[in-house]
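Me: Please take a close look at the part of this model that surrounds the ligand. Which residues are around the ligand, and where does the ligand sit?

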Amino acid sequence: MRADKILANSGYGTRSEVKELFRRGRVALRGEVIRDPGASISDADIQELSLDGQPVVASENLYFLLNKPDGYLTAMNDDRLPCVGDLLPPQWKNKKISPVGRLDFHTTGALLLTNDGELSHRLTSPKWHQEKVYLVTYSGEDLTENEVALFASGMTLHEAGHEPEKLKPATLSLLPDHQCRLTLTEGKTHQVKRMIAATGRSVELLHRERIGTLELKAEQPLGEIVALTPEEIAALKSSVQ
Ligand code: URA
């Protein structure tokens, strides 16, 4: 495989960022600098690659963080509506990449996309209690310390036509201007909206800021997909070991 492809696939940057690493003489094979990004590397040699003297951690799998925009389905394909698969650059299509968990059509923010089925399974499994942090803009009376205590105690949802549903404790931080930050460790369907509705308010805007160790950076605009760095991939994996 081309040397630049190995690094780009492993999260060391976009193809052009990776080419720059070669031009600057930062990539080596068995200690010998390789300046040609198109150099062919055999499977056996992949583990001999280094960047700035550190072994390259080559990854078979692909990991991306999308800052999901409003008005997109969490799906790879849809005949009628825009979906997050439309935002994936062409070179990553047909790689069996899919979203980890789901955000509602109007919810914005952090959405992990990967073809690592094992990681995806673990991150969504209740067993690992992955924190998800949401910034909520709501309408209605200001939330108070009563709701902070209610959410912290592990509230039970009583919804018409449904069995009562006991939730895990959640952390609510009150913010000015009808905003709050809500940290959940489970991912029931429409959970944030249902919790806020149970207090008599309604969610106007919902934005996910963090999934476990993975935080959206302020400079990542809505609609942009970035490859995770090897450190981010390692942190996510070790959080579900
Ligand atoms: N909770 C919701 O209600 N909607 C989302 O999109 C995510 C969490």
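**The surroundings of the ligand**

Reply: In this predicted model, the residues around the ligand are L103, D104, T107, Y134, H190, Q191, V192, K193 and L206. By character, this shell divides into 4 nonpolar, 3 polar and 2 charged residues. Helix α5, which spans residues 191-198, gives the most to the shell, with 3 residues.

The shell also draws on two parts of the fold: domain 2 (63-126 + 213-239) and domain 3 (131-211) both give residues to it, so the ligand lies between these domains.

Turning to individual atoms, a backbone N or O atom of D104 lies 2.8 Å from an oxygen atom of the ligand, and in the case of T107 a polar side-chain atom lies 2.8 Å from a ligand oxygen. For K193, it is a backbone N or O atom that lies 3.1 Å from an oxygen atom of the ligand. With these surroundings, the protein covers 96% of the 240 Å² of accessible area that the ligand has on its own.

As for where the ligand sits, its site is the second largest pocket. Taken together, the ligand lies between domain 2 and domain 3, with contacts that include the backbone of D104, the side chain of T107 and the backbone of K193.

Technical notes: Residues numbered from 1 in each chain as written. Predicted model: local features only at pLDDT ≥ 70, side-chain atom pairs only at ≥ 80, totals over all residues. Heavy atoms only, no water. Near = heavy atom within 4 Å. Polar contact = N/O pair within 3.5 Å; in protein donor to acceptor, adjacent residues only side chain to side chain. Areas by Shrake-Rupley, 256 points an atom, 1.4 Å probe, with all protein chains shown as cover. 1 Å grid on protein atoms, 1.4 Å probe; cavity = no way out; pocket = protein on both sides within 12 Å on 5 of 7 lines; lining within 4 Å. Sits in = over half its atoms within 2 Å of the grid points. Helix = DSSP H or I, 4+ residues; strand = E, 2+ residues; numbered from the N terminus. Nonpolar A, V, L, I, M, F, W, Y, C, P; charged D, E, K, R; others polar. Domains from an automatic or database assignment.
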